[in-house]
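Got a model open and wondering how to read it? Let's go through it feature by feature, as a chat between a learner and a teacher.

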Amino acid sequence: MDVLLETQAPWAEFILAGTKTIETRRYPCPDHLIGRKIWLLESPAGTAGTSAVPNSVDLMESSDLRVVGFVTVTACVLYSSQEQWDADVAKHCVTPESGYSWSSDVPVYGWILSDPQAALPPPITTIARSYRSFFIPVLHVPTVDITDPESPDVHAAICAQCKTLGFLRVTWNAFPVDVVRAAHDVTRAFFALDDSTKAAATKSATAKTNDSFCSTGFRGNTSAYNTGGRESWSCVRPDFDPAAPLLSAYYRNPLHFAVAPDPQVPWPSPETAPGFRVAVTAYYAAVEALGRVLLGIFGRILELDDPGLLQALSKDHTSSLNLTSLRLRDEATVPEAILPAHADLTSLTVLSHDESDGASGTACLQVRNPAYDPLVPHSLQWVALADAPPGAPPSFLVNLGQIMERWSHGALKATLHRVMRPLHPSVLRRRQALVFFFVTNYDAVLVPLAKHKNSTIMYSPETMAAYTAARLGVFHDPSVSLAEAYAMYNKDVLAPAEYMALDK
Ligand SMILES: O=C(O)CCC(=O)C(=O)O
Ligand SMILES: [Fe+2]
C-alpha cells in the first residue's frame, strides 16, 4: 500500500536534492514503514508542527499540495541529547531558530533517509489522513438510494458502480437504523466477554453427531479463519427450524449442515449475552431482505428473461452472517494481512462497520484498484475504502462476489479486497464488521446467465455445493500453503500465478 508523508515546503526539496538525509519528527516512524517507499506530499510553508492538510483531500482540486517524489526511511533514532542533535545538523538541516529545533521537553526522532527520487505524481486522486502526518490513497464509493428498486436510474447507478469496482453503498427510506444499531451493540458486548465465556459458543464445544463443517459459532483469534488476529461469531440461517426443515438438498446433507444435537447455531447463553439472539436474528432478516431486493435489481441489470431468476436460485440459500471483531493491543503481534486478498464466494456481500464509541469504521479495508495498470509507472495496486462522508444517510456497504461475476459472465466485478494492518495501532483500537455472505441454494447450478460474454473465462457449471467445496477444501489440505489456498479460492478472478505475485 502506498503512503504519503506531509512535508512542509521547503523540506521535501532538500530531501530530494540529497541535502537533507535525516527527517526529524516528534514521533518514531512506524516500524513496518521502515525500508518502504514513502511518497512526499509537499504542503506550503506554514507553522511548525501544524499540519496544513485537511484530513481528507482531493488532490485534483488542491492547488497547493504536490506529490513531488519519494524516499525510503532506513532507520529511526531517538536523540538523547542536544549534543547528539547538533552533531547531525548538516544531515537534518534544522537550524536553532527553526520551529522544529531541539527541545528537551519532547522526544525528538531522526528518520534516516535514503534513495530520494523526484518523480511524477502517482495517479492518486483522494487521500485521507491515516496516522499523524501520513496519508493513504482512498476511494469514495457512492451511496445509491434504492427506495424505488424499479427505477431505471437506480439500476443505472448500481450498474455503473458494479461494472468497475463492484463496491457501493445502499440506503433507502426505511433503512433499519435500530436493527443495525442493536446488532452492533450486542456484538460489541459479546466480544467484550472473557475468552472462556465466548468459547462456550463454539462448534467444538458441542457434541457432534456427524462431520458437519457448517462454520457457525465463535471462532477465536487463532482459528484458521481468523489468522490475522480477528475473532468472529457466525451463523447460517438463524431462522432455521429443525421441526420444519427447508426443502433444499443442503438441509438434508449432514456433511454440510448440522443436525441435533449438533446445533445449527451455537448461540451464547442469554444470561451472558442478553438480547444477542433476537438482535442477530433481526439483523440477518434485514440484510437477507436487502439481498433479495438487490438480486431483483441485478436480474434487471443482466436483462434476464425472468428477472426473478436470481431470487429463485437463492430461495433456500445457505448464507452466513459473520460478526467480526478486531482489537489491536500490540503492533508487533498483528500480521500484515488481517484478512488476505480475496473476492467473496457470494452473489453479493452486505457489510456494516461499527463507527460508534471510537470504533474505526471501514478503516483497513482495501480494494484492488480497478484503474491499476502494471505498465504505468507507480500505478497504485491497492487503495483504501473511505467511510461514508459525515452527514451521509445510514447505509450498508455492498460488494459483489464471484457468483455475481460468473452470472454476469464477467460484466459485473467481484473486486479483490483485503483487511490490512493499520499504519499504527493507535489508528485502530477496535474494529467491528458485520459481514453477510449472500449465496444461493445449495443445489443451484452456477453458470453464466448474461446473454453477452464479457470474459474469456470458461466457467464450468458447478453446483453451489461443489463450487464451495472446491474453493474451501484447499484450506484444509495440509500440503497446500495458505497463499496457494487463496490463489485457488480466487482463481476465477485472477490467474493463480498472478495472485501469487500480488503485492501483498
Ligand atoms: O472486515 C471487512 O471490512 C471485510 C471483511 C471481508 O472482506 C470478508 O469477510 O469477506
Ligand atoms: Fe470479503
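What follows is a dialogue about strands, a sheet, empty spaces and a few backbone details in this predicted model.

Q: Let's begin with strands. Which partners does β3 pair with, and in what sense?

A: The general idea is that strands of a sheet pair through backbone hydrogen bonds, either parallel or antiparallel. Here, β3 pairs with strand β1 (residues 3-8) in the parallel sense, over six bridges. With strand β5 (residues 66-78), β3 pairs in the antiparallel sense, also over six bridges. If you want a residue to click on, try Leu40: Leu5 stands opposite Leu40 in β3, and Leu40 in turn stands opposite Gly69 in β5.

Q: And is β3 largely enclosed or left open by the rest of the structure?

A: Count the buried residues, taking buried as under 20% relative accessible area. Six of the seven residues of β3 (residues 37-43) are buried, so the strand is largely enclosed by the rest of the structure.

Q: How should I read the eight-stranded sheet? What is the strand order?

A: Go across it strand by strand. The order is β9-β10-β18-β15-β20-β13-β12-β11, the sheet is open and its pairing is mixed. At the edges stand β9 (143-145) and β11 (217-219); each has a single partner strand, so one side of each is left without a neighbour in the sheet. From one strand to the next, the twist averages 25 degrees.

Q: Can we zoom in on one pair? How many bridges join β13 to β20?

A: Eight bridges join them, and the two strands run antiparallel. As one example, Ser320 has Phe437 in β20 as its bridge partner. Helix α5 (residues 177-191) also packs on this sheet, where it touches β11, β12 (231-236), β13, β15 (348-353), β18 (396-400) and β20. The direction of α5 makes about 120 degrees with that of β20.

Q: While we're on β20, is Phe438 buried or exposed?

A: Phe438, which is found in strand β20, has 0% relative accessibility, so it counts as buried. Look at what surrounds the residue: leaving aside neighbours within four places in sequence, Phe438 is in contact with residues including Glu288, Arg292, Leu295, His317 and Leu348. Sequence distance can mislead you, too. Phe438 and Val350 are 88 residues apart along the chain, but their C-alpha atoms are separated by 7.8 Å.

Q: Now for empty space. Which residues line the largest cavity?

A: The general trick is this: rolling a probe the size of a water molecule over the atoms shows where empty space is left. In this model there is one cavity of 30 Å³ or more, and the largest cavity has a volume of about 30 Å³. Its lining is made up of Arg230, Thr324, Ser325, Leu326, Ile338, Val419, Arg431, Gln432 and Ala433. The elements giving two or more residues to that lining are β13 (320-327) and β20 (430-438). Sorted by class, the lining has four nonpolar, three polar and two charged residues.

Q: What about pockets? What volume does the second largest pocket have?

A: Its volume is about 840 Å³. The second largest pocket is lined by 38 residues, and those that lie nearest its centre are Ala128, Ser130, Ile136, Val138 and Ala384. At least two lining residues each come from β7 (126-131), β8 (134-139), β16 (365-368), β17 (382-385) and β19 (417-420). The largest share, three residues, comes from β7. By class, you get 18 nonpolar, ten polar and ten charged residues in the lining.

Q: Last topic: backbone oddities. Where is there a cis peptide bond?

A: For background, most residues other than glycine have a negative phi, and most peptide bonds are trans. Here, a cis peptide bond joins Ala9 and Pro10, with omega about 10 degrees. Pro10 sits in the loop between β1 and α1 (11-17).

Q: Which phi values are positive in residues other than glycine?

A: Cys93 is one of them, with phi near 65 degrees. Cys93 lies in the loop between α3 (89-92) and β6 (109-118), and at 22% relative accessibility it counts as partly exposed. Asp115 is another, with phi near 50 degrees. Asp115 is in strand β6, and it is exposed, with a relative accessible area of 52%.

Notes
Residues numbered from 1 in each chain as written. Chains lettered and ligands numbered in written order. Predicted model: local features only at pLDDT ≥ 70, side-chain atom pairs only at ≥ 80, totals over all residues. Heavy atoms only, no water. Buried < 20%, exposed > 50% of the residue type's maximum accessible area, 1.4 Å probe, protein only. Helix = DSSP H or I, 4+ residues; strand = E, 2+ residues; numbered from the N terminus. Pairing = 2+ DSSP bridges. 1 Å grid on protein atoms, 1.4 Å probe; cavity = no way out; pocket = protein on both sides within 12 Å on 5 of 7 lines; lining within 4 Å. Points joined across faces, edges and corners; volume = space filled by probe spheres on them. Nonpolar A, V, L, I, M, F, W, Y, C, P; charged D, E, K, R; others polar. Axes fitted to C-alpha atoms, helices over the stretch in contact; angles between N-to-C directions. Contact = heavy atoms within 4.5 Å.
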